[in-house]
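Me: I'd like a close look at one small part of this protein, and then a walk outward from there to the rest of the fold. Keep it informal, please.

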Amino acid sequence: ATQATIASQPKIVDAGALVTGGIDFDGVDDVLIGTHNVTSAYNFFSVTTDEGSATSYIADTGSGAGNGVNYGRTVNSGGNRQLTLNHGGFSSVNATGFLVGTELISQSYDGTTINAFVDGSLVGTSVQGYTASGTNLSLGGSAAVAFLNGKMAEIILYNSDQSANRTAIEANLADQYGITLA
């Protein structure tokens, strides 16, 4: 994933020093663009520190409304932050109670059901009835909206169902970034 517009590039260096905690997205316009062909089964894993209070997407594979996979945090009508994961704009997993801070977020989709995990704990499931399409990939935002205000230490995207390997992948990420799994 790349960003040709210098003002929209997330920081890896600030005032001559390497940014700690991951690539630093400003929450205004920083986004990396690439390609990722969403299939009928996939897994996302990310270690992200959210420093903002507004809706923000960690990753989006859509090319428009009703397409792709949205993977991020939203603010619900009560002003509470919630993890929102959906496939093709169909019904979402909306899990509330997540604080601003560093979290290991995982999403698995086996072709039928999304399972969402935070720090190794299942926080929601949603049966999907739509096949997502599109080859776009946005990291740190969704097209021109919902930019991440925080740091992304790592993101892993599998274009296949990795449910059998999820706990091992999460354990490796947790060990690397000092995250306690539930």
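Leaving aside its neighbours within four places in sequence, which residues is Q162 in contact with?

Reply: Happy to. Bear in mind that this is a predicted model. Once the neighbours within four places in sequence are set aside, Q162 is in contact with N43 and I169.

Let's place the residue first. Q162 sits in the loop between β14 and α1. Its relative accessibility is 13%, so Q162 counts as buried, the cut-off being under 20%. The Q162 side chain also has a polar partner close by in sequence: a polar contact of 2.8 Å joins it to the side chain of N165.

Now follow the chain into the helix. Helix α1 covers residues 166-177 and holds both R166 and E170, which are four residues apart, about one turn of the helix. The side chains of R166 and E170 form a salt bridge, with an N to O distance of 2.5 Å. Both of these residues are buried.

That pair is part of a short list, as the count comes to three salt bridges. Another one joins the side chains of E51 and K151, at 3.6 Å from N to O. This pair links distant parts of the chain, 100 residues apart: E51 belongs to the loop between β5 (42-50) and β6 (56-60), while K151 belongs to strand β14 (residues 149-158). The two ends differ in cover. E51 has 40% relative accessibility and so counts as partly exposed, whereas K151, with a relative accessible area of 17%, is buried because that value is under 20%. The remaining salt bridge is between the side chains of K11 and D14, at 3.2 Å from N to O. Here K11 is partly exposed at 39% relative accessibility, and D14 is partly exposed too, with a relative accessible area of 41%.

Next, the sheet. Strands β14 and β5 have come up already, and both belong to an open sheet of six strands in the order β3-β14-β5-β10-β11-β12, with antiparallel pairing. The edges are taken by β3 (23-26) and β12 (121-127); each has a single partner strand, so one side of each is left without a neighbour in the sheet. From one strand to the next, the twist averages 25 degrees. As for what holds such an arrangement together, strands of a sheet pair through backbone hydrogen bonds, either parallel or antiparallel.

Zooming in on one pairing, β5 and strand β10 (residues 102-109) run antiparallel to each other and share eight bridges. In that pairing, Y42 stands opposite Y109 in β10. There's a link back to your starting point as well: N43, one of the residues in contact with Q162, falls within the 42-50 range of β5.

Finally, the whole protein. The fold has one helix and 14 strands. Of its 182 residues, 48% count as buried. Among contacts with a separation of 6 or more, residues 24 or more positions apart account for 62%. The E51 and K151 pair, 100 residues apart, is one example of a link between distant parts of the chain. As for the surface, the protein exposes about 8200 Å², and carbon and sulfur atoms supply 51% of that area.

Note on methods: Residues numbered from 1 in each chain as written. Predicted model: local features only at pLDDT ≥ 70, side-chain atom pairs only at ≥ 80, totals over all residues. Heavy atoms only, no water. Salt bridge = Lys/Arg side-chain N within 4 Å of Asp/Glu carboxyl O. Buried < 20%, exposed > 50% of the residue type's maximum accessible area, 1.4 Å probe, protein only. Helix = DSSP H or I, 4+ residues; strand = E, 2+ residues; numbered from the N terminus. Pairing = 2+ DSSP bridges. Axes fitted to C-alpha atoms, helices over the stretch in contact; angles between N-to-C directions. Contact = heavy atoms within 4.5 Å. Areas by Shrake-Rupley, 256 points an atom, 1.4 Å probe, with all protein chains shown as cover. Polar contact = N/O pair within 3.5 Å; in protein donor to acceptor, adjacent residues only side chain to side chain.
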